[in-house]
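Work through the exercises below with the sequence and the 3D view at hand. Each task is followed by a solution in steps.

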Amino acid sequence: MLLETMIAIELEKEPFNYEQIQADAVVIEQDKRRFNFVKLDDPVSDETLTKYYLWNILDFATTVYALENRDRVREGNLILGGDPSLDRLLLHKLILAPLIAHNMENDAVELVTLGIQIATINNARLIAISD
């Protein structure tokens with residue numbers, strides 16, 4: 001409580017620089033779209049983007065776990081091959097995920113996210129039945 005009071009007092013001493021706040025907002029918005037190479041009518045929303053990246057992380061984690069801990073599990077992504085290295089999986093996610101997210105319409109990213117959700121659930125199923 002004391003810390004919150006001290007912060008509030010310090011904030012009252014400094015007036016907000018609304019011009020700087022606006023300039024920062026522009027920079028933040030540009031940074032969010034740095035991988036965007038296509039003009040979109042309906043760019044991906046922050047909510048869709050959050051879900052997309054969270055499901056990509058879960059897919060990556062379950063894929064790595066399954067490949068490292070289950071002998072009969074194979075990668076289903078044809079681009080990666082049946083038994084990709086951790087580096088190859090990570091590079092795939094780090095390059096393709098932002099390119100897809102920032103160069104497709106919001107509805108298309110939601111559809112891709114659905115596919116990733118299905119793959120992740122399948123990963124979890126394969127992990128469970130392979131025990």
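**Exercise 1.** Is Leu99 buried, partly exposed or exposed?

Solution. The model is predicted, so local features need pLDDT of at least 70 and side-chain atom pairs pLDDT 80 or more, while totals for chains, interfaces and linings use all residues. Residues are numbered from 1 along each chain as its sequence is written, and side-chain values use heavy atoms, with hydrogens and water left out. Buried means under 20% relative accessible area, exposed over 50%, and partly exposed in between (1.4 Å probe, protein chains only). Leu99 has a relative accessible area of 33%, so Leu99 is partly exposed.

**Exercise 2.** Find the salt bridge and say which helices it joins.

Solution. A salt bridge is a side-chain nitrogen of Lys or Arg within 4 Å of a carboxyl oxygen of Asp or Glu. The whole structure holds one. Its partners are Asp59 and Lys93, at 2.8 Å from N to O. Asp59 belongs to helix H3 (residues 46-69) and Lys93 to helix H4 (residues 86-102), so the bridge ties together parts 34 residues apart in sequence. Helices are DSSP runs (H or I, at least four residues), numbered from the N terminus. Asp59 is buried at 11% relative accessible area, and Lys93 is buried at 17%.

**Exercise 3.** Which residues make up the largest nonpolar core?

Solution. Such a core is a set of buried Ala, Val, Leu, Ile, Met, Phe, Trp, Tyr and Cys residues joined through side-chain atoms within 4.5 Å. The largest has seven residues: Val44, Leu49, Tyr52, Ala97, Ala101, Val109 and Ile116. H3, H4 and helix H5 (106-129) each supply at least two of them.

Methods. Helix = DSSP H or I, 4+ residues; strand = E, 2+ residues; numbered from the N terminus.
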